[in-house]
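Student: I am new to this structure and would like to ask how some of its descriptions are reached. Please show it first.

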Amino acid sequence: MLSSEQIFEDKIEREIRIEPKDWMPEDYRKMLIRQMSQHAHSEIVGMLPEGNWITRAPSLRRKATLIAKVQDEAGHGLYLYSATETLGITREETLQQLHSGKAKYSSIFNYPTLTWADIGAIGWLVDGAAIMNQVPLCRASFGPYARAMVRICKEESFHQRQGFEILLTLSRGSEAQQKMCQDAISRWWWPSVMMFGPPDEASPHSQKSMQWKIKRFSNDELRQKFIDVCAEQVKVLGMKLPDEKMKWNEETGHYDFGEINWDEFWNVVNGNGPCNKERLAARIKAHEDGAWVREAAVAYAVKRSQSFNTA
Amino acid sequence: MEKKSAPADWPLWEVFIRTRQGLDHKHAGSLHAADAKMALENARDVYTRRNEGISIWVVESRHIHASSPEEAGAFFDPANDKVYRYPTFYQLPDELKNI
């Protein structure tokens, strides 16, 4: 007779999705809760830097697009929180972990959006990196996560295109607009490259995650793929990526690139990025300011059910 | 003698079936049953006789709240004029690859 553990490992081996009611190792459950809630938090916190520009979008078209994109991020956060709840943790607990700082979100959102061009750079680079990360997650071994990712990837496809379109428009504009475009690319490039996480040898969860087929590619593999794609795309903009050492390598068939500033990465992860405090404070404030809405909804539901019972 | 409960008194259940591993459960139909166990067994017999499923959910129909077909027009209207939610809305040069 096979043990629960053997059945689980066999399913992983044969690419059979693990579903919430199936037996799973405690570490698998914990790893998923950590990764999926972190992913959900990133979608939600990710609304803040972009939301900053909704009122100042340069045209109605751009404004409608930006609102639609931020709405999508809220939806993606919800898909992921719900999928996380199937693992036995409540919504309240996951939010609590975000607000207390116990759970992380993607460090990229701790950088400020200084100009309109940043909205373009975020769409092209940040969403581009996110898509590169997320497409393989559509095949993650945990069913609810994989299915949420399929939906998310389908919806995200416009995010990157609208970003590139913004940059393309600026790149064909006045000298000031072109400068703004280059400045945004220069500021967002390295943080985007860091989005794939620490190098493989310094990534504590990677190996187990790949063994359990949650992740399919290592941080460094995905990072290389992202750099190769962007190095070509930037030519269409006539702009430059801020890396003097970036060069096509005939032998490897990839672009070589310069040193990544990992001190900066860890510094931001550990709470000392330009906007960490601001982002978390904004999130907590939104949650607390929204308390009366949640209370009113419950009070209304109770009142309705009472009048229904006495009717 | 106690009156025998007829199937008509049994509640209605909605049946959701996962046809293959990895996919989500989809609505397949409904049936009457006295309790959840019977509903599951009947659903198995009615809807998966040819291996159409690997997992079944049953939910009492009274727990399902549906949007109203008469109001569908106004209800779904907000999505009708938002063409910018689709990737094809954005015009990009052909030489741009992998986006």
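Student: Why are α7(A) and α8(A) called oblique to each other?

Tutor: In this predicted model, helix α7 (residues 143-171) and helix α8 (residues 175-194) of chain A pack at an angle of about 140 degrees. Angles over 145 count as roughly antiparallel, and 65 to 115 as roughly perpendicular. The angle fits neither range, and α7(A) and α8(A) are therefore oblique. Their axes lie 7 Å apart.

Student: Which residues of α7(A) and α8(A) meet?

Tutor: From α7(A) come Leu167(A), Leu170(A) and Ser171(A). Facing them in α8(A) are Gln177(A), Gln178(A), Met180(A), Cys181(A) and Ile185(A). By class, five residues of this contact are nonpolar, three are polar and none is charged.

Student: What makes Cys181(A) nonpolar and Ser171(A) polar in such a tally?

Tutor: Cys is on the nonpolar list, while Ser is on neither the nonpolar nor the charged list and so falls among the others, which count as polar.

Student: How much space lies in the second largest pocket, and which element gives the most to its lining?

Tutor: The pocket holds about 700 Å³. Of its 23 lining residues, the closest to the centre are Glu19(A), Pro20(A), Arg147(A), Arg18(B) and His25(B). The largest share of the lining comes from α7(A), with four residues. By class, the lining has nine nonpolar, five polar and nine charged residues.

Student: How do you know how much area is buried between chain A and chain B?

Tutor: Buried area is the accessible area that two parts lose on being put together, summed over both. For these chains that comes to about 1,900 Å², with carbon and sulfur atoms giving 61%. The contact takes 23 residues from chain A and 19 from chain B. On the chain A side, Arg147(A), Phe158(A) and Arg161(A) lose the most area, together 31% of what that side buries.

Terms used. Residues are numbered from 1 along each chain as its sequence is written. Chains are lettered from A and ligands numbered from 1 in the order in which they are written. This is a predicted model: local features need pLDDT of at least 70, side-chain atom pairs count only at pLDDT 80 or more; totals for chains, interfaces and linings use all residues. Side-chain values use heavy atoms; hydrogens and water are left out. Axes are lines fitted to C-alpha atoms, for helices over the stretch in contact, and angles run from 0 to 180 degrees between N-to-C directions. Helices (H or I, at least four residues) and strands (E, at least two) are DSSP runs, numbered from the N terminus. Angles under 35 degrees count as roughly parallel, over 145 as roughly antiparallel, 65 to 115 as roughly perpendicular and the rest as oblique. Contact means heavy atoms within 4.5 Å. On a 1 Å grid over the protein atoms alone, a cavity is a set of points where a 1.4 Å probe fits but cannot get out, and a pocket is an open set with protein on both sides within 12 Å along at least five of seven lines; lining residues have an atom within 4 Å of a point. Grid points are joined across faces, edges and corners, and a volume is the space filled by probe spheres set on the points. Buried area is the accessible area (1.4 Å probe) that two parts lose on being put together, summed over both.
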